Amino acid sequence: MWSCHRAPLGALLVVCALLTGCSATATGPAASSAAGTPGAPAMASGSGAAGGSGLSAAQLARIPHFPAPPAPKPVTVPAGPSAGWYSAIPTDQPIAFITIDDGWTKVPEAEALLKAAHVPVTLFLEINAIKSDPGYFTQLEQDGAVIEAHTISHPDLKGKSYDVQRHEICGGADELANLYGRRPVLFRPPFGDKDTTTLKVVHDCGMKAAFFWRETTDKGIVRYQAGQAVKPGDIVLMHFRPAFVDDFLAVLQAISQAGLTPARLEDYIA
């Protein structure tokens, strides 16, 4: 995904708002690491590890305790030749959804963090980003993450032909099925950009819905498209970046402060 913080300051406010849902409203402690560059796999590690997890005691202390999510009330995707499109799930249940994109930066602490937080997450994985170490995501899957599709090479799909989009969308889903034994049923277009062809191809590739977002996270800061809190049904976007630990903790805290519980996105799409 496009990285907000790499833009000059003058462009940051405009471009981030358009492409990644950033706004002037932000919460969370700033991370000390710079975000990764798409196309260049990176590794990051923590210091002051507690119990061999790679996480410090201070980091573990920042993980909120959540009640169990309520029984899901899934939405039914409208019938027709196109996949559904959602920035949030329409619900009055006290839930929100954590989604993590791409896969370039494979932070060693992620597995321990997911285990300690014990919350569901959805990973929208790009094939080119994960191919250096697909097993890394197998471990996250075993800790409760669900793997969904995000194309082969992360192009801007909007305006591309049906065949080009089908190659990226179906091809990415097929490869994830080969790697992880489950074919994705959900999709996120790169940069959140789509057109009517995109949603038709997603449907034709056997997936139910595609997703945008309501909140974004970078350098340990959560940014809101509207208001100053996560709302019921909101979909929160983050990435596999060097600041993954700070980003994930910031997301957990924002959801907790809103009185919500993380829920599994797949449970809410019928």
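This report covers the fold totals, the packing of helices α3, α5 and α8, and two loop residues with positive phi.

## Basis

The model is predicted: local features need pLDDT of at least 70, side-chain atom pairs count only at pLDDT 80 or more, and totals for chains, interfaces and linings use all residues. Residues are numbered from 1 along each chain as its sequence is written, and side-chain values use heavy atoms, with hydrogens and water left out.

## Chain overview

The protein chain has eight helices and 11 strands. Helices (H or I, at least four residues) and strands (E, at least two) are DSSP runs, numbered from the N terminus. Of the 270 residues in the protein chain, 52% are buried. Buried means under 20% relative accessible area, exposed means over 50%, and partly exposed lies in between (1.4 Å probe, protein chains only).

Contact means heavy atoms within 4.5 Å. Take the contacts between residues at least 6 apart in sequence: 77% of them join residues at least 24 apart.

## Helix α3 against α8

Helix α3 spans residues 110–117 and helix α8 spans residues 244–257. Their axes come within 10 Å and cross at roughly 15 degrees. Axes are lines fitted to C-alpha atoms, for helices over the stretch in contact, and angles run from 0 to 180 degrees between N-to-C directions. α3 and α8 are therefore roughly parallel to each other. The cut-offs are: under 35 degrees roughly parallel, over 145 roughly antiparallel, 65 to 115 roughly perpendicular, and the rest oblique.

On the α3 side, the contact is made by Ala 110, Leu 113, Leu 114 and Ala 117. α8 supplies Phe 244, Val 245, Phe 248, Leu 249 and Leu 252. By class, this contact has nine nonpolar, no polar and no charged residues. Ala, Val, Leu, Ile, Met, Phe, Trp, Tyr, Cys and Pro count as nonpolar; Asp, Glu, Lys and Arg count as charged; the others, Gly among them, count as polar.

## Helix α3 against α5

α3 also packs with α5, at an angle of about 10 degrees and with the axes 9 Å apart. That makes α3 roughly parallel to α5. Ala 110, Glu 111 and Leu 114 of α3 meet Tyr 136, Gln 139 and Leu 140 of α5. The contact of α3 with α5 has four nonpolar, one polar and one charged residues.

## Surroundings of α5

Helix α5 covers residues 135–142, and Tyr 136, Phe 137 and Leu 140 are buried in it. Seen down the axis of α5, its buried residues fall within an arc of 90 degrees, so they line one face of the helix. The arc is that of the directions from the helix axis to the C-beta atoms. The buried residues of α5 pack against α3, β4 (121–125), α4 (127–130), β5 (145–149) and α6 (162–180).

Glu 141 is in α5 too. It is partly exposed, with a relative accessible area of 26%. Beyond its neighbours within four places in sequence, Glu 141 is in contact with Ile 147 and Tyr 180. Its C-alpha atom is separated by 9.3 Å from that of Val 121, 20 residues apart along the chain.

## Positive phi

Gly 144 follows α5 and has a positive phi, near 110 degrees. Two residues other than glycine also have positive phi. His 118 has a phi near 55 degrees and is found in the loop between α3 and β4. His 118 is exposed, at 72% relative accessible area.

Lys 219 has a phi of about 55 degrees. The loop that holds Lys 219 runs between β8 (215–218) and β9 (221–224). Lys 219 counts as partly exposed, at 29% relative accessibility.
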